[in-house]
Protein chains: 2
Amino acid sequence: MKTKIVIKDSERLVADLSKAYRAVAKQTTIPILTGFHLQFTGESLTITGSDTDNTIQITEDDNCSSSQPCAVVVPARIFLDIVRKLPAGEIQLKIGENEISITAGKSTFELKTMKADEYPSFSLDDTGVCVEIQASDLANGLRLEYACSVSAMRPTLQGIHIVSKEKAVTFVATDSHRLGSWTVQLDQELKLPKMILPATAAEEMVKLIEDTTDKVTIHCTENSLRLTCKNVTYASRLISGTYPEISRVIPTIISTTFVANRDELVKVLERVSIVSKEGKANMCRLQVIQSAMPSLLISASQEGMGKVQEEVFVSDLEGDTFEMKFSTKYLLEALRHMKAKEVMFQASGANAPLIIRPTGDETGFALILPVRSA
Amino acid sequence: MKTKIVIKDSERLVADLSKAYRAVAKQTTIPILTGFHLQFTGESLTITGSDTDNTIQITEDDNCSSSQPCAVVVPARIFLDIVRKLPAGEIQLKIGENEISITAGKSTFELKTMKADEYPSFSLDDTGVCVEIQASDLANGLRLEYACSVSAMRPTLQGIHIVSKEKAVTFVATDSHRLGSWTVQLDQELKLPKMILPATAAEEMVKLIEDTTDKVTIHCTENSLRLTCKNVTYASRLISGTYPEISRVIPTIISTTFVANRDELVKVLERVSIVSKEGKANMCRLQVIQSAMPSLLISASQEGMGKVQEEVFVSDLEGDTFEMKFSTKYLLEALRHMKAKEVMFQASGANAPLIIRPTGDETGFALILPVRSA
């Protein structure tokens, strides 16, 4: 006997299917993972999409009524396309043994389905540690994914290291050429285990929470992190292994410091990048000029093409002048991650990494290794 | 001695460079065609971009002042990037023998240039026929490029055939599976020669004129068409050859006619397309149902995936019922090109092409060959 289901608001269903679709396997040898798992219970629908590494589960309350409890796996891309293109409003579903019919007005679709009991189980149990964190704080930490390694040579560097200590959580990412660190102060102590969250999952989680002003819930087990924001749960497998100790790479003796306007630096570097990105190393030269109005010269050149020079006034200059080369891309990404109006540069000699720190309330820093001159 | 030039409004320059960039050669063995030809005369700047088949020339009056007349070829992509990223406002240029410097505030770029006298001459002379036409009328005709062939096997079908006769201009495009025709009635007689305009140029010209409510000027020679809209001139080489005679492929004996709502049909076909596009032929079945409320059934199915059926009420049904298969894509493209609220379908038996005509003021039609059943 077929199960009859009425969906009240197709637009709400489209919004939730679109979110769950992000975790659906796009290229896989396991056909059932290309589907949505739909679980109907009375007036509640639970949508699951997963590629086994990442799982998104969304519960819709009061948007459907089903004649009996029922579960089915439908082809995700096509099902989403159909619901999106149907006129907004009510949709009727009829679920049979191997097929589902989708009807709205004079439109009727019939799709082959897959068996719900062959879908992997992603039971999100309640073991492990569970804490609450402000969505914007978490998002700032997860945005460090920009600094993660994209190489599979060192798997631990493909993730963000998350460490909590007393009332602080610190996020660290590095690809061994540059590093980003971000610390969030909390009202209460979080007892999270150390973990390495894959950069790809961090990126998706940011999209999920960036418009949220509330707190979200993090739930950790030994090998997974689960984020719950309203009716959406995103679970990601963690990267196993030991994250490198980073404290020894942070210079302790600083030879030059100065402060500059972050917004202006971003605009200047975007222009410098027009020239520098034409070269393989995407490299620019930073040079501090000491005078009554101290400034930072930023320049790049490409043989056969041309060159650029920009000047930015700096303040609070202390210590030696310096002239060093850096990746324009790394400088830009580090500065864009920060929000502060002004940033402090700290240099420690020709071959030591440059430190950039936001001023004000933000507690983070970026570390960028210089490019050695040929 | 270097020529000094001041550009007053960098945003205006960006807008015009962006338009001219469309014609700049992106992949070419002739390096100078990757540049903009800039010609400064007093307070006037003429920008030229060309890949030799298509040339865009834009004249800016009163946006610059140059110390002396001067012409130079600058690398187009990089020059456009630089001007776009500079702060809005005034820019200073200094043009030397082999380089140009671009300065705004504390930014200075220096680029290698190419010699203006090595740039091909695109003198747009005044021979040939010159006529005025309403921009929207021309755009409707040029939008038929959707029906042009993309195959190089029959070069003449890669263009739109434009024929004027007394006070009418007719545009025709076909890829031999479907055909679109559009006629524009004018106030006066246009004495244009017959010509075949490349589909790619037609598409670009539509972008250039679609926001214009004024008349534009067309200028034809034996092998080129030139369109002038305000301060922009777009010249395209024409396709040589004889366009096929189309009158004999238009059915004269009609066996079924009916009228349907165009908007509704487009939405229905977009949904049908979700299923039909999964197959190689992207094929749907049209079936006319005669009853007190006659309707058109549109359906598609894919083995192993599913099927869809849609129903649209029709009016003014006359003649035989029919059941035929068509490309969903061709039906959609033909209906989207028209603006009329209602369209008339005319069928002439199992293997004859279907005619779709807009009702009301529009004088055009689309012709689509049925897909033969296997």
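This is a chat about how chains A and B meet in a predicted model, and about the sheets, helices and salt bridges around that contact.

Reader: Hi! Starting with the contact, how many residues does each chain put in?
Author: Hello! Chain B gives 29 residues and chain A gives 29 residues.

Reader: And how much area is buried between chain B and chain A?
Author: About 2700 Å² is buried between the two chains, and carbon and sulfur atoms give 56% of that area. On the side of chain B, B:Lys106, B:Arg271 and B:Ile274 lose the most area to chain A, together 23% of what that side buries.

Reader: Nice. What does the rule find across the interface in the way of salt bridges?
Author: There are 6 salt bridges across the interface of chain B and chain A. One of the salt bridges in the model pairs B:Lys277 with A:Asp81, where the closest N and O atoms are 3.6 Å apart.

Reader: How many residue pairs are in polar contact there?
Author: The rule finds 16 such pairs across the interface, with both residues at pLDDT 80 or more.

Reader: Which elements of chain B give two or more residues to the side that touches chain A?
Author: Those are α2 (76-85), β9 (107-112), α5 (262-276) and β21 (306-313) of chain B. The largest share comes from β21(B), with 7 residues.

Reader: What's the mix by class on that side?
Author: The side of chain B that touches chain A has 13 charged, 11 nonpolar and 5 polar residues.

Reader: Back to β21(B) for a second. Which strand of chain A is joined to β21(B)?
Author: That is β9(A), residues 107-112, which runs antiparallel to β21(B) and is joined to it by 5 bridges. For a spot to look at on screen, A:Leu111 stands opposite B:Gly306.

Reader: Cool, and in what order do the strands of that open sheet come?
Author: The order is β5(A)-β1(A)-β7(A)-β8(A)-β9(A)-β21(B)-β20(B)-β19(B)-β23(B), which makes 9 strands with antiparallel pairing.

Reader: Why is one side of β5 of chain A and of β23 of chain B left without a neighbour in the sheet?
Author: β5 (64-66) of chain A and β23 (323-327) of chain B stand at the edges and each has a single partner strand, so one side of each has no neighbour in the sheet. From one strand to the next, the twist averages 20 degrees.

Reader: How many bridges pair β8 of chain A with β9(A)?
Author: β8(A), residues 99-104, pairs with β9(A) over 6 bridges in the antiparallel sense. A:Ile102 has A:Phe109 in β9(A) as its bridge partner.

Reader: Which strands does helix α2 of chain A lie across?
Author: Helix α2(A), residues 76-85, lies across β7 (91-95), β8 and β9 of chain A, at about 170 degrees to β9(A). Over on chain B, helix α6 (328-337) lies across β19 (283-289) and β23, at about 80 degrees to β23(B).

Reader: Switching topic: what's the strand order in the open sheet of chain A?
Author: That sheet also has 9 strands with antiparallel pairing, in the order β14-β11-β12-β13-β26-β25-β24-β18-β22. Its edge strands are β14 (195-198) and β22 (315-319), each pairing on one side only.

Reader: How many bridges join β18 to β22(A), and what packs on the sheet?
Author: There are 3 bridges between β18(A), residues 256-261, and β22(A), which run antiparallel. A:Thr257 stands opposite A:Glu318 in β22(A). Helix α5 (262-276) of chain A packs on the sheet and touches β18 and β24 (342-347), its direction making about 85 degrees with that of β18(A).

Reader: Last one! How many salt bridges does a search of the whole structure find?
Author: It finds 30 over all chains. One salt bridge joins the side chains of A:Lys2 and A:Glu99, at 3.5 Å from N to O. This pair links distant parts of the chain, 97 residues apart: A:Lys2 is in the segment before β1 (3-7) of chain A, and A:Glu99 is in strand β8 of chain A.

How values were computed. Residues numbered from 1 in each chain as written. Chains lettered and ligands numbered in written order. Predicted model: local features only at pLDDT ≥ 70, side-chain atom pairs only at ≥ 80, totals over all residues. Heavy atoms only, no water. Contact = heavy atoms within 4.5 Å. Buried area = accessible area lost by both parts, 1.4 Å probe. Salt bridge = Lys/Arg side-chain N within 4 Å of Asp/Glu carboxyl O. Polar contact = N/O pair within 3.5 Å; in protein donor to acceptor, adjacent residues only side chain to side chain. Helix = DSSP H or I, 4+ residues; strand = E, 2+ residues; numbered from the N terminus. Nonpolar A, V, L, I, M, F, W, Y, C, P; charged D, E, K, R; others polar. Pairing = 2+ DSSP bridges. Axes fitted to C-alpha atoms, helices over the stretch in contact; angles between N-to-C directions.
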